[in-house]
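Student: I've got a model open and I'd like to talk through how its helices pack. Can we go step by step?

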Amino acid sequence: MKTIKGATNGFVTGTIFGTIVATWYDVPRVERSVALPGLIRTLKMMGNYGITFAAIGGVYIGVEQIVQNYRMKRDFINGAVGGFVAGSTILGYKGKSISTAISAGAALAVTSSLIDAGGQTTRIDNGKEYYPYTTKKRSTADS
C-alpha cells in the first residue's frame with residue numbers, strides 16, 4: 001500500500017512539475033486559432049514528468065520496504081538503498097549511461113540518508129490508522 005501511495009504522490013508531484021516546466025520552456029506562444037499543438041505538448045510533458053516521478057516514488061518506497069522487512073530494522077540505511085536503486089534504475093535508464101545512473105543513485109541515496117538521519121519526517125508512522133469516525137457506540141449521555 002505504501003508503494004502505491006508513493007507512486008501516486010510522485011505522479012501528482014511530477015504532473016504539477018511538468019506543467020510548470022512546460023510553461024517555462026517548451027510551449028510556444030498560443031495563438032487564437034492554433035492552441036491545440038501547445039496543449040498537446042504541455043500534456044505530453046506533464047505525463048512524462050508524472051510517470052518519471054511516479055516510478056521513482058514507487059521504486060524508492062518499494063525497495064525501502066523490502067530492505068526494512070529483510071533487515072528487520074528501521075533506519076536510514078533502508079532509505080539510502082531505496083534511493084540508490086530508484087535513482088540508478090529510473091534516472092539511469094532515462095540518461096542512458098552508467099555514470100548518470102551511479103550519480104543519480106548516489107544523489108538520491110545521500111539525500112534520503114540526510115533526511116532520515118536528521119529526523120526530518122512529516123509524519124511518524126506508528127502503525128495506527130486514524131479514521132474520521134469512530135467504531136465505538138456512543139452512550140446516551142454523549143448525545
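Tutor: Sure, and one term first: contact here means heavy atoms within 4.5 Å. Keep in mind that this is a predicted model.

Student: Which residues in helix 3 does helix 2 meet?

Tutor: Start from the helix 2 side, where the residues include Asn-48, Thr-52, Tyr-60, Glu-64 and Arg-71. Sorted by class, this contact has 12 nonpolar, eight polar and three charged residues. On the helix 3 side, the residues met are Ile-77, Asn-78, Gly-79, Val-81, Gly-82, Gly-83, Val-85, Ala-86, Thr-89, Ile-90, Leu-91 and Lys-94.

Student: And at what angle do helix 2 and helix 3 pack?

Tutor: Two packed helices are described by an angle and a distance between their axes. For helix 2 and helix 3 the crossing is right-handed. Their axes are 8 Å apart, and the angle is about 145 degrees.

Student: Is helix 3 roughly parallel or antiparallel to helix 4?

Tutor: The axes of helix 3 (residues 76-95) and helix 4 (residues 98-117) come within 7 Å and cross at roughly 150 degrees. Angles over 145 degrees count as roughly antiparallel. So helix 3 is, relative to helix 4, roughly antiparallel.

Student: How many charged residues does the contact of helix 3 with helix 4 have?

Tutor: Helix 3 brings residues including Phe-76, Gly-79, Gly-83 and Leu-91, while helix 4 brings, among them, Ala-101, Ser-112 and Asp-116. The class count for this contact is 12 nonpolar, 10 polar and, for charged residues, one.

Student: Which side chain does Tyr-60 join in a polar contact?

Tutor: Tyr-60 sits in helix 2 (residues 36-71). Setting aside residues up to four places away in sequence, Tyr-60 touches Gly-79, Gly-82, Gly-83, Ala-86, Ser-112 and Asp-116. The polar contact is 2.8 Å long, and the partner is Ser-112.

Student: How far apart in space are Tyr-60 and Thr-3?

Tutor: In sequence they're 57 residues apart. In space, C-alpha to C-alpha, Tyr-60 and Thr-3 are apart by 8.1 Å.

Student: Last one: over residues 45-63, how far apart are the end C-alpha atoms?

Tutor: The unreviewed UniProt entry lists residues 7-25, 45-63 and 75-93 under "transmembrane region". In the model, residues 45-63 are 100% helix and 0% strand. The end C-alpha atoms of that stretch are apart by 27 Å.

Definitions and conventions:
Residues are numbered from 1 along each chain as its sequence is written. This is a predicted model: local features need pLDDT of at least 70, side-chain atom pairs count only at pLDDT 80 or more; totals for chains, interfaces and linings use all residues. Side-chain values use heavy atoms; hydrogens and water are left out. Axes are lines fitted to C-alpha atoms, for helices over the stretch in contact, and angles run from 0 to 180 degrees between N-to-C directions. Helices (H or I, at least four residues) and strands (E, at least two) are DSSP runs, numbered from the N terminus. Angles under 35 degrees count as roughly parallel, over 145 as roughly antiparallel, 65 to 115 as roughly perpendicular and the rest as oblique. Ala, Val, Leu, Ile, Met, Phe, Trp, Tyr, Cys and Pro count as nonpolar, Asp, Glu, Lys and Arg as charged, and the others, Gly among them, as polar. UniProt positions are given in the numbering used here, feature names are shortened, and annotations may be inferred rather than shown by experiment. A polar contact is a pair of N or O atoms within 3.5 Å; within protein, one must be able to donate a hydrogen and the other to accept it, and residues adjacent in sequence count only if both atoms are side-chain atoms. A crossing is left-handed if the near helix is turned anticlockwise from the far one by less than a right angle, and right-handed if clockwise.
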